[in-house]
Amino acid sequence: MPWSADGNFTKTGFNKRIPARQDLEEMNTLRFFPNRTQENCYIVPTTFSSLSAYIVRAGFLYGNYDGLSKPPTFDLKIDGQDWATVNTSSLDDGVPLYHEIIYVAHGAAISVCLVQTREGELPFISSLETMMIVDPMYTEMVPYHLSSDTDPHAAFHLVTRTNFGGPEVRFGGIFDDYYNRIWTSGATPENCEDISTWTDPFLTYENSPPVEVLDDSISTVNASDAIILTVNI
């Protein structure tokens, strides 16, 4: 997926490079917004002016860019509606924080705004991705053929997307994830073991998971045991 500089999408804030070099290239720089009185927004054009569904993901890595060792908390809005409260103090050192939604755009652009909510804590953003959903995916939430009658009038927040039995998957190979979704590595339960499986890359699977994820699996050591997976909400 190509990355673009953000100068064409926002007119406020300032770019800054964080001190420590990051493996993820897009996390080496950020834009911070010191003017609380301005609307600090990104305007991202959509592919169509009519209804269309997108995966929208905002990424944050504080990296002590300001030398204050005080990770901020602030709000995130999409098209004027509350999206999330971003708490960057919850970050492990060097690990990005992401907020991701499935969102139905209703016009020629999507606005994503960062709102300061605490005195002295400036909002910032490291990356912003928008991927239009062009295949039948997550149809229980967003109908594939959108119209005024089928518009869900809701955004769907990602809780977790996990690859059990293997490492984190992103930016894969030839059979990678077309939508650049991030599949975090899941903890293998004590009664299970990691196994490798073979997946036909030319078959179609529900919600289009990448082959790298389908090739990783877990199985119980004893066939009669249950697999219990936990999710932190």
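Here is a short chat about the aromatic rings in this predicted model.

Student: How many aromatic pairs does the structure hold?
Tutor: There are 10 of them.

Student: What do you look at to describe one?
Tutor: A pair of rings is described by how far apart the centres are and by the angle of the planes.

Student: Why is the pair of Phe-33 and Tyr-42 called edge-to-face?
Tutor: Their ring centres are 6.4 Å apart, and centres within 6.5 Å count as a pair. The planes stand at 85° and edge-to-face asks for over 60, so edge-to-face it is. Both residues are buried, too.

Student: What makes Phe-60 and Phe-74 an edge-to-face pair?
Tutor: Try the same check: the centres are 5.8 Å apart, with 65° between the planes. The limits are within 6.5 Å for a pair and over 60 degrees for edge-to-face, so Phe-60 and Phe-74 fit both.

Student: Where in the chain do these two sit?
Tutor: Phe-60 belongs to strand E4 (residues 52-60) and Phe-74 to strand E5 (residues 73-78). They are 14 residues apart, so the pair links distant parts of the chain.

Student: How do you know whether Phe-60 is buried or exposed?
Tutor: Its relative accessibility is 0%, and buried means under 20%, so Phe-60 counts as buried. Phe-74 is also at 0%, so Phe-74 counts as buried as well.

Student: Which cluster do Phe-60 and Phe-74 belong to?
Tutor: Ring pairs join them with Phe-14, Phe-32, Tyr-62, Tyr-65 and Phe-124.

Student: What makes Arg-57 sit "over" the ring of Tyr-98?
Tutor: Its charged end is 5.8 Å from the ring centre, and the distance limit is within 6 Å, along with an angle within 35 degrees of the ring normal. Arg-161 lies over the face of Trp-183 at 5.7 Å.

How values were computed
Residues are numbered from 1 along each chain as its sequence is written. This is a predicted model: local features need pLDDT of at least 70, side-chain atom pairs count only at pLDDT 80 or more; totals for chains, interfaces and linings use all residues. Side-chain values use heavy atoms; hydrogens and water are left out. Rings of Phe, Tyr and Trp (its six-membered ring) pair if their centres lie within 6.5 Å; planes under 30 degrees apart count as stacked, over 60 as edge-to-face and the rest as tilted. Buried means under 20% relative accessible area, exposed over 50%, partly exposed in between (1.4 Å probe, protein chains only). Helices (H or I, at least four residues) and strands (E, at least two) are DSSP runs, numbered from the N terminus.
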